[in-house]
Amino acid sequence: MDSGLKPEKLNLDGRTPETSEIFKHWLRCFEDYLDSSPSDVDSARKLRFLHGRVSHRISAMIETATTYEAAIEILKKRFIKTTNEVHARHLLSTCSQLSGETIDEYVERLTALARNC
């Protein structure tokens, strides 16, 4: 496996607004890391790698999973939340530029908020 692709340990709090995006990015990096192996990695070994790349709290969440796929499903249910479009539209419509924030930063923030609408 390519050590340059080795993702950081996943240590997420499910209550932060960016949780879904952070988890999706981490999962993509983790799967790329697993795919970089010159040989096929079986489900049991993937599960061991997964336990090694998550925090102790998250590892406890997936302890009951017997396969890698089951563990990933548990994590997806926990960290990928459906967006409430009404709330997302409210956040977008009430967003205003912060003092000291450049136009580019403001537009970037607006674009991120618009993705959920």
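**Figure 1. Helices H1 and H2 meet in a right-handed crossing.** Here the near helix is turned clockwise from the far one by less than a right angle, whereas an anticlockwise turn would be left-handed. Welcome to a predicted model, in which local features need pLDDT of at least 70 and side-chain atom pairs count only at pLDDT 80 or more, while totals for chains, interfaces and linings use all residues. Residues are numbered from 1 along each chain as its sequence is written, and side-chain values use heavy atoms, leaving out hydrogens and water. The helices are DSSP runs of H or I, at least four residues long, numbered from the N terminus. The axes of H1 and H2 are 12 Å apart, and the two helices pack at an angle of about 130°; axes are lines fitted to C-alpha atoms over the stretch in contact, with angles from 0 to 180 degrees between N-to-C directions. H1 and H2 therefore count as oblique to each other, since angles under 35 degrees are roughly parallel, over 145 roughly antiparallel, 65 to 115 roughly perpendicular and the rest oblique. On the H1 side of the meeting you can find Trp26, Phe30 and Leu34, and on the H2 side Lys46, Phe49 and Leu50.

**Figure 2. Helix H1 and its buried side.** H1 runs over residues 19-35, 17 residues in total. From its first C-alpha to its last, H1 reaches 24 Å, close to the 24 Å expected at 1.5 Å a residue (1.5 Å times one less than the number of residues). Look for Thr19, Ser20, Phe23, Trp26, Leu27, Phe30, Tyr33 and Leu34, which are the buried residues of H1. These residues span an arc of only 150° around the axis, which places them on the same side of H1; the arc is taken from the directions from the helix axis to the C-beta atoms. Buried means under 20% relative accessible area, exposed over 50%, and partly exposed in between (1.4 Å probe, protein chains only). Among the elements that cover the buried residues of H1 are H2 (43-52) and H4 (68-79).

**Figure 3. Helices H1 and H4 run roughly antiparallel.** The angle between H1 and H4 is about 160°, and their axes lie 10 Å apart. H1 and H4 are therefore roughly antiparallel to each other. The crossing of H1 and H4 is left-handed. H1 brings Thr19, Ser20, Phe23, Leu27, Phe30, Glu31 and Leu34 to this contact, while H4 brings Tyr68, Ile72, Leu75, Lys76 and Phe79. Contact means heavy atoms within 4.5 Å.

**Figure 4. Helices H2 and H4 cross obliquely.** The axes of H2 and H4 come within 8 Å, and the helices cross at roughly 40°. H2 and H4 are therefore oblique to each other. To follow the contact, pick out Ser43, Lys46, Leu47 and Leu50 of H2, then Tyr68, Glu69, Ala71, Ile72 and Leu75 of H4.

**Figure 5. A close look at Phe23 in H1.** With a relative accessible area of 0%, Phe23 is buried. Apart from neighbours within four places in sequence, Phe23 is in contact with Leu10, Leu12, Leu75, Lys76, Phe79 and Ile80. As a guide to distance in this view, the C-alpha atoms of Phe23 and Ala60 are 17 Å apart in space, and the two residues are 37 residues apart in sequence.

**Figure 6. Ile80 in the loop between H4 and H5.** Helix H5 covers residues 85-93. Ile80 has a relative accessible area of 31%, so Ile80 is partly exposed. If residues up to four places away in sequence are not counted, Ile80 touches Ser20, Phe23, Lys24 and Leu75. One of these, Ser20, is found in H1 and counts as buried at 15% relative accessibility. With the same kind of neighbours set aside, Ser20 touches Phe79, Ile80 and Lys81. From C-alpha to C-alpha, Ile80 is 9.6 Å from Ile22, although 58 residues separate them in sequence.

**Figure 7. Leu5, in the segment before H1.** Leu5 is partly exposed, with 36% relative accessible area. Leaving out residues up to four places away in sequence, Leu5 touches Cys29, Asp32, Tyr33 and Ser36. Leu5 and Asn116 are 111 residues apart along the chain, and 29 Å separates their C-alpha atoms.
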